[in-house]
Amino acid sequence: MLVRRALLGAAVLLFALLAVAGCANEEVGEAPDSPGSLVVYSGRSESLVGPLIEQFEQATGIDVKVKYGGTAELAATLLEEGDNTPADVFFAQDPGGLGAVVGSLSVLPKDILALVPKTFTSPEGRWLGISGRARVVVYNTDTLSEQDLPASIAGFTDPMWKGRIGWAPGNGSFQAMVTAMRVVWGELQTRSWLEGVHANEPKVYPKNTPIVAAVGAGEIEVGFVNHYYLYRFIQEEGDDFPARNSHLREGGPGSVVLVAGAGILDTAENRKNAEAFLRFMVSTEAQQYFASETLEYPLVEGVTTHPLLTPIGEIARPEIDMAGLADLRGTQDLLRDLGIIP
């Protein structure tokens with residue numbers, strides 16, 4: 001039902017947009033022009049956004065070619081390719097990746113930027129947010145209650161947490177959280193936190209999913225992850241899965257809500273299709289997909305969120321301009337300097 005409703009709504013919306021752009025003839029009985037193609041570099045994984053991109057293809061007839069990879073990796077590729085990149089759209093997991101290539105992105109039309117709150121767009125109007133992801137502490141409910149956790153992520157430097165923590169310092173979302181720490185706390189306190197947690201000998205994982213699995217298996221007691229990974233385990237294994245999320249009581253950078261976002265390359269050869277793609281991604285239908293299927297936070301009103309999601313208004317999160325999280329390279333340099341990543 002959701003897929004059919006999304007296809008119908010998206011098809012109506014985007015056909016109208018394409019018609020205005022000259023992609024359909026006005027004369028009755030005349031065949032429309034070919035809708036053309038689109039090249040997307042996606043730092044979001046295929047398992048998360050592939051079905052939605054397929055819906056866009058089916059609704060518009062546009063042939064979408066997607067290059068999947070890590071956000072930082074794709075940002076580096078875009079910088080290396082320069083004006084020769086075939087990409088029309090960069091769909092990034094976090095604002096840091098967009099900030100790394102913001103000089104290569106074009107200013108978006110005002111009507112597109114107006115579709116999401118201003119705090120989820122770049123100051124220059126070169127990208128906009130697509131969905132939100134809250135950083136949480138996932139904990140094992142067999143050994144801990146939420147009251148056992150520190151009020152702030154700063155508390156995990158306490159030696160009592162030695163050998164009990166899992167983290168993924170090479171993961172883009174973790175690095176975005178550390179960037180938020182640098183914005184909120186400053187460089188010295190962020191360095192001190194990283195040194196303190198590192199001294200507690202956390203177990204290192206490549207990404208969020210194995211951290212949640214390890215918490216559920218009792219291999220570790222807590223982990224730093226995005227909120228939605230736990231909910232997928234609960235959906236697959238049931239409410240008895242022995243882990244839950246904590247939005248830390250005092251908020252701070254450990255409770256930041258990050259956005260995935262997208263922008264259009266200056267060199268885009270398929271600009272109209274790229275604009276249609278962005279409009280689709282923040283349409284009610286697509287936002288409902290994120291809320292219902294990937295369990296992320298929608299950025300537009302009128303979308304029903306999953307019952308498992310803590311309402312975004314109830315999270316004690318820091319108010320950070322997403323564009324302020326652009327210095328991903330500075331965060332990676334800090335992690336390397338401390339010997340946390342190679």
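Visitor: Let's start with Arg 279: buried or exposed?
Guide: Keep in mind that this is a predicted model. Anything under 20% relative accessible area is called buried. Arg 279 comes in at 15% relative accessibility, so the label for Arg 279 is buried.

Visitor: Which residue meets the side chain of Arg 279 in a salt bridge at 2.8 Å, N to O?
Guide: The partner lies in a distant part of the chain, 168 residues apart from Arg 279. Arg 279 belongs to helix H10 (residues 271-281), while the partner belongs to helix H5 (residues 110-113). The side chain that meets Arg 279 there is that of Asp 111.

Visitor: And Asp 111 itself, what accessibility class does that residue fall into?
Guide: Exposed starts over 50% and buried ends under 20%, with another class in between. Asp 111 has a relative accessible area of 44%, so Asp 111 is partly exposed.

Visitor: Arg 279 also forms a salt bridge with Glu 275; how far apart are the closest N and O atoms?
Guide: Both residues sit in helix H10, and being four residues apart they are separated by about one helical turn. A salt bridge needs the nitrogen within 4 Å of the carboxyl oxygen. For Arg 279 and Glu 275, the closest N and O atoms are apart by 3.9 Å.

Visitor: Is Glu 275 buried or exposed?
Guide: The cut-off for buried is under 20%. Glu 275 has 11% relative accessibility, so Glu 275 counts as buried.

Visitor: Which residues do salt bridges that share partners join into one network?
Guide: One link is the 2.8 Å pair of Arg 279 and Asp 111. Another is the salt bridge between Arg 279 and Glu 275. Arg 279 appears in both pairs, and the network is made of Asp 111, Glu 275 and Arg 279.

Visitor: How many salt bridges does the structure hold?
Guide: We've met Arg 279 with Asp 111, and Arg 279 with Glu 275. Those are among the full set, and the number the structure holds is ten.

Visitor: Where does Lys 162 sit, given that its pair with Glu 201 links distant parts of the chain?
Guide: Glu 201 and Lys 162 form a salt bridge, with the closest N and O atoms 3.7 Å apart. They are 39 residues apart along the chain, with Glu 201 in the loop between helix H7 (187-199) and strand S6 (203-204). Glu 201 is partly exposed at 48%, and Lys 162 counts as partly exposed at 46%. As for the place of Lys 162, look in the loop between strand S4 (128-140) and strand S5 (165-167).

Visitor: What is the phi of Glu 201, which is not a glycine?
Guide: Glu 201 is the residue in the loop between H7 and S6. Its phi is positive, at about 50°.

Visitor: Leu 295 isn't a glycine either, so to speak; what is its phi?
Guide: Leu 295 is found in the loop between helix H11 (284-294) and helix H12 (328-337). At 0% relative accessibility, Leu 295 counts as buried. Its phi is also positive, at about 60°.

Visitor: How are H8 and H9 oriented to each other?
Guide: Helix H8 (residues 208-217) and helix H9 (residues 228-237) have axes 9 Å apart and an angle of about 55°. Parallel would need under 35 degrees, and perpendicular runs from 65 to 115. The angle falls in neither range, and H8 and H9 are therefore oblique.

Visitor: Which residues in H9 meet the ones in H8?
Guide: The crossing of these helices is right-handed. H8 brings Asn 208, Thr 209, Val 212 and Ala 213; H9 brings Tyr 229, Leu 230 and Phe 233.

Visitor: How is H2 arranged relative to H11?
Guide: The axes of helix H2 (residues 46-60) and H11 come within 11 Å and cross at roughly 150°. Anything over 145 degrees counts as antiparallel in rough terms. H2 is therefore, relative to H11, roughly antiparallel.

Visitor: How many charged residues are in the contact of H2 with H11?
Guide: H2 supplies Leu 48, Val 49, Pro 51, Leu 52 and Gln 55, and H11 supplies Ala 286, Tyr 289, Phe 290 and Thr 294. Seven of these are nonpolar and two are polar, and the charged ones number no residues, that is, none.

Notes
Residues numbered from 1 in each chain as written. Predicted model: local features only at pLDDT ≥ 70, side-chain atom pairs only at ≥ 80, totals over all residues. Heavy atoms only, no water. Axes fitted to C-alpha atoms, helices over the stretch in contact; angles between N-to-C directions. Helix = DSSP H or I, 4+ residues; strand = E, 2+ residues; numbered from the N terminus. Left-handed = near helix turned anticlockwise from the far one by under 90°. Contact = heavy atoms within 4.5 Å. Buried < 20%, exposed > 50% of the residue type's maximum accessible area, 1.4 Å probe, protein only. Nonpolar A, V, L, I, M, F, W, Y, C, P; charged D, E, K, R; others polar.
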